[in-house]
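The exercises below each set a task and then work through the solution step by step. Please keep the sequence and the structure in view while you read them.

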Amino acid sequence: MTEFTPQPTGDGSWTFFSSEFGELFHSHHGAKQEAYKKFVEPTQLPQRAVRSQLTILDICYGLGYNSASALEAIWSIHPQCQITWIGLESDRRVAQMAIAHHFDREWPHSIGSIVRELAAKNEAETDNFRGTLYLGDARQTLQHLVRQGFRADAIFLDPFSPPTCPQLWTVEFLSLAARALQRDGYLATYSCAAAVRQALKVSQLQIGTTLPTGRKSPGTLARHLNEGLISLSQKAEEHLQTRAAVPYRDPSLNDSARVICDRRRQEQQTSPLELSTHWKKRWRLLENGMGRGIS
């Protein structure tokens, strides 16, 4: 059985280590900091909090930090803003264990009570919040939401890393996410992987970078409109012309992680694109040892 081990992070908040994926749920630099800087701030939720209502889709709800941070930011500006919220999660034990370890105390009481309600009942409703946590394979749930005409102002894309959880980074899945995004909405993710960025582009989204938070690598911001995005650097743009940018594919939206990774590996082997090792070497020489990261 998968174990979730509590781990402190640099900003004083806590996260879990997943034995199944061999990864932390958040950056060790700071779980709360990452939630705000990687997801809430890039999706412009503080600026758009003046609206009377907002809709949020949280893909891989986990401990609930991203959504709780969003609610805190929105309601600190407009306490009456009506929030429609959907969360997708495969393992309800994560949210329940977060409550058992009192992680809900990181938030104001009104938000903590929503987080507790979602963990206990998979849904919560207050005067200004209506939310449902869907459990199961997000690939199937998202198809259902799209068929129902669901559209979000902000999408948080926060699965485990592409090599360990490729199912939620494929062209097919991200194309569904694009369809679930409002015309003027934003999709944010912590990943700057070339395969992820290329999949977002194939999904007909415009992409930009987010600023690094607590680590060297930035995240990625995507939307239907080209405005409101920080352009990728030349280095990052060239990374999308290498074999590292061959995206993950899951035509049936039902394949295992191993099948998806094997499919990508085979496509990379026959790709005419430049080897990413050549790209790295070229840029190492250009930067003359300055060690600047991708942006």
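**Exercise 1.** Does Leu118 count as buried or exposed, and at what relative accessibility?

*Solution.* Begin with the source of the coordinates: this is a predicted model, in which local features need pLDDT of at least 70 and side-chain atom pairs count only at pLDDT 80 or more, while totals for chains, interfaces and linings use all residues. Residues are numbered from 1 along each chain as its sequence is written, and side-chain values use heavy atoms, with hydrogens and water left out.

Next, take the cut-offs: buried means under 20% relative accessible area, exposed means over 50%, and partly exposed lies in between, with a 1.4 Å probe and protein chains only. Leu118 has 3% relative accessibility and therefore counts as buried.

Then place the residue: Leu118 is found in helix H5 (residues 109-121), where helices (H or I, at least four residues) and strands (E, at least two) are DSSP runs, numbered from the N terminus. Finally, list its surroundings: beyond its neighbours within four places in sequence, Leu118 is in contact (heavy atoms within 4.5 Å) with Tyr61, Trp85, Glu123, Ala124, Gly131 and Leu133. Of these, Gly131 is 13 residues from Leu118 in sequence, and the two C-alpha atoms are 8.0 Å apart in space.

**Exercise 2.** Find the order of the strands in the open sheet, and say which strands are at its edges.

*Solution.* Start from the rule that two strands pair if DSSP finds at least two bridges between them. Under this rule 8 strands form an open sheet with mixed pairing, in the order E6-E7-E5-E4-E8-E9-E11-E10. Strand E6 (123-126) and strand E10 (206-209) are the edge strands, each pairing on one side only. From one strand to the next the twist averages 15°, with axes taken as lines fitted to C-alpha atoms, for helices over the stretch in contact, and angles running from 0 to 180 degrees between N-to-C directions.

**Exercise 3.** Determine in which sense strand E9 pairs with E8 and with E11.

*Solution.* On one side, strand E8 (residues 152-157) and strand E9 (residues 181-189) pair in the parallel sense over 5 bridges. Within this pairing Ala154 stands opposite Tyr186 of E9, and the bridge partner of Ile155 in E9 is Leu187. With strand E11 (residues 220-223), by contrast, E9 pairs in the antiparallel sense over 3 bridges, and here Ala188 stands opposite Leu221 in E11.

**Exercise 4.** Describe the helix that joins E8 to E9, and state how many of its residues are buried.

*Solution.* First, E8, helix H7 (residues 171-179) and E9 make a right-handed β-α-β unit; a crossover is right-handed if, with the strands pointing away from the viewer, the path from the first strand over the helix to the second runs clockwise. Second, 7 of the 9 residues of H7 are buried, so H7 is largely enclosed by the rest of the structure. Those buried in H7 are Val171, Glu172, Phe173, Leu174, Leu176, Ala177 and Ala178. Third, the buried residues of H7 pack against E4, H6, E8, E9 and helix H8 (194-202). Of these partners, helix H6 (residues 138-147) itself lies across strand E4 (53-59), strand E5 (82-89) and strand E7 (129-135), and runs at about 145° to E5.

**Exercise 5.** Work out why the buried residues of helix H11 are on the same side of the helix.

*Solution.* Helix H11 (residues 276-287) has 12 residues and reaches 16 Å from its first C-alpha to its last, close to the 16 Å expected at 1.5 Å a residue, where the expected span is 1.5 Å times one less than the number of residues. Its buried residues are Trp279, Trp283 and Glu287. They are on the same side of H11 because they cover an arc of only 60° around the axis, the arc being that of the directions from the helix axis to the C-beta atoms. An α-helix has 3.6 residues a turn, so residues three or four places apart point the same way. The face turned away from the buried side of H11 carries the exposed residues Thr277, Lys281, Arg284 and Leu285, while the cover over the buried residues includes helix H9 (234-239).
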